[in-house]
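Biologist: I would like a close look at one part of this protein, taken slowly and set in the context of the whole chain. Please choose a single buried position, and then move outward from there to the parts around it.

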Amino acid sequence: MRRLVLLVALLALLGGCSSGASSSGSATAKSGQTAIFAVAQRHPAPKLAGELLEGGSYDLSQHRGEVVVVNFWASWCGPCRAEAPELAAVAEATKDQRVSFVGIDIRDDRDKAKAFVERYGLTYPSLFDPAGSTALDFAKVPPTAIPSTLIVDRQGRIAALYTRALVREDLESAVRKVAAE
């Protein structure tokens, strides 16, 4: 029942994502939330594994010891298009600090998602989740909007959740702080 309630809430919020290219067109992008968790308040990230957009598979558990940035996105989402270059820049700037990125492409068409990845030069992998069911596993720290971004610390715990489009400065600062722990 709890999964059903979370799914309904997620779908309702996803419906608010703008399909325009500007991040200012979406109430979700403007009014999103930020949650930074103290070490003692962090919940373990749920199991995150699945098929990658380009083929192959991904398993978060294989990245223990790294900081992992998890970004929920879709090619039809205007705020996602606005933040994609920002995420790509942070991924490049922090890779030497044992930071990795993974996207989760939800409610999308595979070909459109691949075109999005190519257009924005995203070099990190993305899970292909057309049903959007991956978000349901994040019940304790739910990504309730698209885009949403989580930072998972080196011990596999959720250190931060953003339910809004991000700019480089905000994300890079948070990622570097978690990486320095």
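Modeller: What follows starts from the whole chain, turns to one strand residue and its surroundings, and ends with the empty spaces in the model.

This is a predicted model, and everything below should be read with that in mind. The protein contains five helices and eight strands, and from the N terminus on these elements run α-α-β-β-β-β-α-β-α-β-β-β-α. Of its 181 residues, 51% count as buried, and the surface that the protein exposes comes to about 8500 Å², with carbon and sulfur atoms supplying 53% of that area. Among the contacts with a separation of 6 or more, 73% are between residues 24 or more positions apart.

The residue I would single out is D129, which is found in strand β6, the stretch covering residues 126–129. Is D129 buried or exposed? It counts as buried, because its relative accessibility is 7%, and the cut-off for that class is under 20%. The side chain of D129 makes a polar contact with the side chain of T134, at 2.6 Å. Once its neighbours within four places in sequence are left aside, D129 is in contact with I104, D105, I106, R107 and T134. T134 therefore appears both as the polar partner of the D129 side chain and in this list of contacts, where a contact means heavy atoms within 4.5 Å.

One of those contacts, R107, deserves a look of its own. R107 is placed in the loop between β5 and α4, the latter spanning 110–120, and its phi is near 45°, a positive value in a residue other than glycine. Most residues other than glycine have a negative phi, and most peptide bonds are trans. With 34% relative accessibility, R107 counts as partly exposed, whereas D129, which R107 contacts, is buried.

R98 can be set beside R107, for it too is not a glycine and has a positive phi, of about 60°. R98 has its place in the loop between α3 (78–94) and β5 (99–106), and with a relative accessible area of 49% it is partly exposed. On the other side of β6, the loop between β6 and β7 (148–152) holds P147, and the peptide bond leading from I146 to P147 is cis, with omega near 0°.

The empty spaces complete the picture. Rolling a probe the size of a water molecule over the atoms shows where empty space is left. The largest pocket holds about 160 Å³ of space and is lined by 18 residues, of which A45, L60, S61, R64 and G156 lie nearest its centre. By class, its lining divides into seven nonpolar, five polar and six charged residues.

The structure also holds two cavities of 30 Å³ or more, and the second largest cavity has a volume of about 40 Å³. The residues that line this second largest cavity are N71, W73, C80, E83, A84, L87, F116, L122 and Y124. Both β4 (67–73) and α3 supply at least two residues of that lining, with α3 giving the most, four residues. The lining of the second largest cavity has seven nonpolar residues, one polar residue and one charged residue.

Technical notes
Residues numbered from 1 in each chain as written. Predicted model: local features only at pLDDT ≥ 70, side-chain atom pairs only at ≥ 80, totals over all residues. Heavy atoms only, no water. 1 Å grid on protein atoms, 1.4 Å probe; cavity = no way out; pocket = protein on both sides within 12 Å on 5 of 7 lines; lining within 4 Å. Points joined across faces, edges and corners; volume = space filled by probe spheres on them. Nonpolar A, V, L, I, M, F, W, Y, C, P; charged D, E, K, R; others polar. Buried < 20%, exposed > 50% of the residue type's maximum accessible area, 1.4 Å probe, protein only. Polar contact = N/O pair within 3.5 Å; in protein donor to acceptor, adjacent residues only side chain to side chain. Areas by Shrake-Rupley, 256 points an atom, 1.4 Å probe, with all protein chains shown as cover.
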